[in-house]
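These are my notebook entries on a structure I went through, beginning with how its chains meet and ending with backbone geometry.

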Amino acid sequence: MLNQKDLRPKDLGRSDEQLIKLEPNQLMPLLPPYDKPGMEPALTDPKPAWREKYCTSLDGYVGIDTLTRPKTKEEEDEFVRKFLTGLEKIFTDANNGVLQPLLLSFDYCAKCDTCSAACHIYEASGKNELYRPIFRSEVLRKIVKKYFTTSGKLLGGFVGADIDVNWETIARLGELAYRCNLCRRCAQTCPLGLDNAILSKEIRKIFSQELGIAPTPLHAKGTVNQLTTGSSTGLGKPAFLDTLEFLEEDTEEKFGIKLKFPVDKKGADILLFHNAGEFIAWPENPVAFAILFDAAGLNWTLSSDIIGYDSVNYGIWYDDAMAKKVALMQMKAAKDLGVNRMVMAECGHAHKASAVVADRMALSDMKVPVESCLPILWEMVKNKTIKFDPSKNNFPVTLHDPCNVVRQMGIVQPQRDVLKAICPQFREMTPHGVENYCCGGGSGFAIMNYLNFPQFRDSVASRMKFNQILGAFQGVMENTSIPKYICAPCSNCKGAMRAILEHYDATEKFNLQYGGLVELMVNAMVSLKKPFFEFLEE
Amino acid sequence: MYLSVIAYLSILLFVGISVYKVYRFAKMPMHGRMELYPLPKEMGFEHGGSFYEEVSWWSKPHKVSHVREIKEMLKEILFIKKLFENQRPFWWISYALHLGIYLIMAWTMLLVVGAITELNGIVVAANSLSIWGLLVFHLSTITGHLGLLLGTLGAGLLILRRLFDNTLKKYTTPQEYFNLLLIFAALVTGILVWSSDLSFHFAREVTAKLISFTPFEASTLLTVHVILVGIMLIYIPISKMSHYVGKYFTFHTVLWDNRPNLKGSSVEQEIKKASAVRPSTTWSAPHMKPPASPKM
């Protein structure tokens, strides 16, 4: 094992059992009240059985559960050969959709290292060399130079082609691609406009599109499941309709509101697209949407068509072909229903996948315009279509900006305007808006709940966000009688929030709560007779 | 004579290869949207937002300010704004090199202008009676002295920083030291040649001879200097130092391109064209294979 300070990109080819080990005392310190010893769960070593089966040789964590050790030398060689074939393909017309941005980011890095300070994982790890954004990019460059450039073949180490390439190198690189949340914060600071996240994603793509290796929750139980059952949650149409019925009854019972989810309403103006995970994990969110949309008199519907009720598109994190299949099917569901617009509910990556990534996948005839729920929600408040009483939300609230919605789509203001209007104790995190930090759950981390990966996510990837939350609530954190609410208008971010609050036992210890934006809006509705939040009930 | 050939050839190749690179990037297939906010051209959303903050955004005009985009580009080109904002200590030395290069480019042009002026019988000197001659003289002196000084200092300090910074040295390949050393050597030989010619009279004479293909006695130092500058000019566009080409595309066509694919838009036309291209390479994972056609 190496001291992380001595780690160099070419060390990825070393034969060590594990390159580096994270030490708790090296991680970025947490703010009070989490600055005291014993407040944080310990970091653990991978089990010996995992070492034998998976690639734990990077930092001890397993990000790709389908990447298993080869049994024979032939298998090992085949793996390396296939990876190299895939690597060559990313620079060909098989990869036209990203060729120009990829080549720019690949060719022009001046190694000024401006990006490191922007990366929440690098900073949270206590500036661990392994997680420096250019570390991974540089490994990739070294391999490409070694095998595919004349200068690399002739001049070798002089141009940086000095890395040993074996199973361990490639597997570690694959793992390292899952130590980046693809949040693209580093690209905002690059003086040359380069984007390390593109290179991380290309590595993930080679693994999936050429080697057929991707984390199970993203591929087999993600996109594949979605394309066959209708949802990555496995929620089929009958179960989806049952869930709606249950929620209608539950809402009437709890709040006396007679709710009827409109389903497959032909000619509706809006097709509201939820992350189907909401119906299972946070059903109060789709309920709150329904209450608000009805109260505002919007002509809306849900779809029960296959893939029409799940807005997720995990393909955008690891596989272009799967992303396209999912996006085109979602477009078709909306088109078939004859709606005027697809409105994305509170799911960040679904926002970007449908509005931005899929935008150039089809001609406009095949599409229905995609818009975010956030401007619509702000109009309800601004135009006073619904009456709100801000005093009902009189507890500290902070806002988490989902990267996909804010940095990558430019929807910054509407959600803040809503909060400023209905939450008297709203306070920003630092930094926020387009300069926000990722929740640590981005690009699949939030749903990769296997082996020891959650430990990396909760202790490192989400660490910066947790500190931002603690920072926003300084002064009220330790008063447990005051609920403190993290508004995270994104399913994936909520998944990450749920995980860190559990990891740090923060709801139990400090009354730290989380949820979406619509829940706060419904809670503030004058017409609502009792609090919408359970934590406000006496 | 051969020095003239080197001078012309290297400038020609510098421009030619750079233009070719621009052409190659410009001709690349349309890519998916990858914009990153804040986008300077987005009008009405100066807080970093976009048209997506509007309800029914597609039914409203997408207001774009090219002036703001150009202003932002100029701030990057002239001042390396992102480095200034995000890594100030590095900016000082990087900017010294870049500003030095800009000034040397200006100085070179001024030498050509000065040489032509003198060939036309107008004196370029501190005691010139012509205002033009005076102007060219002073501008040449200022740009030349400052440019050579800043450029050499910047290149030298960048080498030292890479050598002695524990992080940067891990990521710097020998070739990248070579890149900086080449610039440094070209500039240092320049300083050695012109240090005995502070008013650049001799430099103008040499320039006049170079541009008019007039043979002249060149010292070894001058010969080495011209050859080094020639190599540098040819090498820059083929190496990654051609980031002046890349930077335009990374910002203009990747990070700042949020043109939506609306009916009748230019983007739609580009998509139509791109969709007609059938890739010659395909991916091999099982799920990437097209489904087998049903048996008859």
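**Entry 1: a salt bridge between the chains.** I worked on a predicted model, and I looked first at Lys170(B), whose side chain meets that of Glu129(A) in a salt bridge with an N to O distance of 3.3 Å. I then asked how many salt bridges the rule finds across the interface of chain B and chain A. The search returned five, and for polar contacts across this interface I noted 49 residue pairs, both residues being at pLDDT 80 or more.

I next looked up which elements of chain B give two or more residues to the side that touches chain A, and I found α1 (2–26), α3 (81–86), α6 (168–171), α7 (174–194), α10 (243–255) and α11 (266–275). Of the elements, α10(B) gives the most to that side, with 10 residues. Sorted by class, the side of chain B that touches chain A holds 33 nonpolar, 23 polar and 18 charged residues.

**Entry 2: extent of the interface.** The size of an interface is often given as the accessible area lost when the parts come together. For chain B and chain A I recorded a buried area of about 6700 Å², with carbon and sulfur atoms giving 59% of that area. Which three residues supply more than any other three of the area that chain B buries against chain A? They are Lys170(B), Tyr171(B) and Trp283(B), which supply 14% of the area. In residues, the contact takes 74 from chain B and 86 from chain A.

**Entry 3: aromatic pairs.** A pair of aromatic rings is described by the distance of the centres and the angle of the planes. Over all chains I counted 46 aromatic pairs by the rule. One of them joins Tyr108(A) and Phe25(B), and I noted the pair as tilted because the planes stand at 40°, with the ring centres 6.2 Å apart. This pair crosses between chains, running from the loop between α3 (99–107) and α4 (120–124) of chain A, where Tyr108(A) sits, to helix α1 of chain B, which holds Phe25(B). I list Tyr108(A) as buried because its relative accessibility is 2%, and Phe25(B) as buried because its relative accessible area is 5%.

A second pair, Trp194(B) with Phe202(B), is also tilted, since the planes are at 55°, and the centres lie 6.0 Å apart. Here Trp194(B) is buried at 8% relative accessibility, whereas Phe202(B) is partly exposed at 36%. I also noted a cluster in chain A, in which ring pairs link Phe255(A), Phe395(A), Tyr485(A), Phe532(A), Phe533(A) and Phe535(A).

**Entry 4: surroundings of a histidine.** Trp194(B) came up again among the contacts of His225(B), which, leaving aside residues up to four places away in sequence, touches Ala186(B), Thr189(B), Gly190(B), Val193(B) and Trp194(B). His225(B) belongs to helix α9 (residues 220–238) of chain B, and I list this histidine as buried because its relative accessibility is 10%.

**Entry 5: backbone.** Most residues other than glycine have a negative phi, and most peptide bonds are trans. I therefore looked for exceptions to this. The bond from Pro32(A) to Pro33(A) is cis, with omega near 0°, and Pro33(A) is in the segment before α1 (48–53) of chain A. Tyr37(B) and Pro38(B) are also joined by a cis bond, with omega about 5°, and Pro38(B) is in the loop between α1 and α2 (66–79) of chain B.

Key:
Residues are numbered from 1 along each chain as its sequence is written. Chains are lettered from A and ligands numbered from 1 in the order in which they are written. This is a predicted model: local features need pLDDT of at least 70, side-chain atom pairs count only at pLDDT 80 or more; totals for chains, interfaces and linings use all residues. Side-chain values use heavy atoms; hydrogens and water are left out. Contact means heavy atoms within 4.5 Å. Buried area is the accessible area (1.4 Å probe) that two parts lose on being put together, summed over both. A salt bridge is a side-chain nitrogen of Lys or Arg within 4 Å of a carboxyl oxygen of Asp or Glu. A polar contact is a pair of N or O atoms within 3.5 Å; within protein, one must be able to donate a hydrogen and the other to accept it, and residues adjacent in sequence count only if both atoms are side-chain atoms. Helices (H or I, at least four residues) and strands (E, at least two) are DSSP runs, numbered from the N terminus. Ala, Val, Leu, Ile, Met, Phe, Trp, Tyr, Cys and Pro count as nonpolar, Asp, Glu, Lys and Arg as charged, and the others, Gly among them, as polar. Buried means under 20% relative accessible area, exposed over 50%, partly exposed in between (1.4 Å probe, protein chains only). Rings of Phe, Tyr and Trp (its six-membered ring) pair if their centres lie within 6.5 Å; planes under 30 degrees apart count as stacked, over 60 as edge-to-face and the rest as tilted.
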